[in-house]
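This report is a short guide for a reader who is meeting this structure for the first time. Please keep the sequence and the model in view while reading.

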Amino acid sequence: MCTPTAGVVDSQLVEVDVTVTFGSRGFDAGERVKGGKRCLFSDVVGLLVAVLVTPVSVTGRDGARSLLSAAGGRFRRLARVWADGG
């Protein structure tokens with residue numbers, strides 16, 4: 001198994017249906033979206049390394065911190081991560 005040494009972190013807003021439990025939903029006033037957020041971490045080839053789903057009220061920065069702390073414990077050779085301005 002090959003372990004990644006670099007990767008990319010990004011998040012996406014996802015509108016969810018009312019059938020999704022209330023604890024998994026949130027509201028982002030800036031984007032005016034009710035739903036969830038996917039925080040994705042992929043290696044430089046584009047393969048998914050880790051995924052975290054949170055309510056949309058959780059900022060992308062906080063989601064990325066949780067995602068990277070979990071990935072950093074599993075992938076010791078991880079040395080560089082790119083992210084957007086958020």
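## A lysine in strand 3

Is Lys37 buried or exposed? Lys37 counts as buried, because its relative accessibility is 8%, and a residue is called buried when that value is under 20%. This lysine is part of strand 3. When its neighbours within four places in sequence are left aside, Lys37 is in contact with Ser11, Gln12 and Leu13, with Leu52, Val53, Thr54, Pro55 and Val56, and with Val58, Thr59 and Gly60.

## The model and its overall plan

The model is a predicted one, and the mean pLDDT of the protein chain is 75, with 73% of its residues reaching 70 or more. Confidence varies between the elements: strand 2, residues 26-28, has the lowest mean pLDDT, 56, whereas strand 5, residues 80-83, has the highest, 85.

The protein chain contains one helix and five strands, and along the sequence these follow the pattern β-β-β-β-α-β. Of its 86 residues, 28% count as buried. Among the contacts with a separation of 6 or more, 56% are made by residues that stand 24 or more positions apart.

## The nonpolar core

In soluble globular proteins, nonpolar side chains tend to be buried together. Here the largest nonpolar core has ten residues, namely Val9, Cys39, Phe41, Val49, Ala50, Ala64, Leu67, Ala71, Phe75 and Leu78. Strand 3 (33-43), strand 4 (48-55) and helix 1 (60-74) are the elements that give two or more residues to this core, and helix 1 supplies the largest share, three residues.

Two members of the core show how it is joined to its surroundings. Ala50 touches Cys39, Leu40, Phe41 and Leu67, when residues up to four places away in sequence are not counted. Leu78, by contrast, is found in the loop between helix 1 and strand 5, and it counts as buried because its relative accessibility is 19%. With the residues up to four places away again not counted, Leu78 touches Pro4, Thr5, Ala6, Gly7 and Phe41. Leu78 and Thr3 are 75 residues apart in sequence, yet their C-alpha atoms are 7.9 Å apart in space.

## Charged side chains

Side chains of opposite charge can pair when their charged atoms come close. In this model the count comes to one salt bridge, which Arg65 forms with Asp62, the closest N and O atoms being 3.5 Å apart. Both residues lie in helix 1, three residues apart, or about one turn of the helix. Arg65 counts as exposed, because its relative accessibility is 55%, while Asp62, with a relative accessible area of 35%, is partly exposed.

What is the nearest side chain of opposite charge to Asp43, and how far away is it? The answer is Arg77, at 11 Å, and Asp43, although buried, has no salt bridge. Asp43 lies in strand 3, and a polar atom of its side chain lies 2.8 Å from the backbone nitrogen of Leu47. Leaving aside its neighbours within four places in sequence, Asp43 is in contact with Pro4, Ala6, Gly7 and Val49.

Terms used: Residues are numbered from 1 along each chain as its sequence is written. This is a predicted model: local features need pLDDT of at least 70, side-chain atom pairs count only at pLDDT 80 or more; totals for chains, interfaces and linings use all residues. Side-chain values use heavy atoms; hydrogens and water are left out. pLDDT is the predictor's confidence in each residue, from 0 to 100. Helices (H or I, at least four residues) and strands (E, at least two) are DSSP runs, numbered from the N terminus. A nonpolar core is a set of buried Ala, Val, Leu, Ile, Met, Phe, Trp, Tyr and Cys residues joined through side-chain atoms within 4.5 Å. Buried means under 20% relative accessible area, exposed over 50%, partly exposed in between (1.4 Å probe, protein chains only). Contact means heavy atoms within 4.5 Å. A salt bridge is a side-chain nitrogen of Lys or Arg within 4 Å of a carboxyl oxygen of Asp or Glu. Lys and Arg count as positive and Asp and Glu as negative; His and the chain ends are not counted. A polar contact is a pair of N or O atoms within 3.5 Å; within protein, one must be able to donate a hydrogen and the other to accept it, and residues adjacent in sequence count only if both atoms are side-chain atoms.
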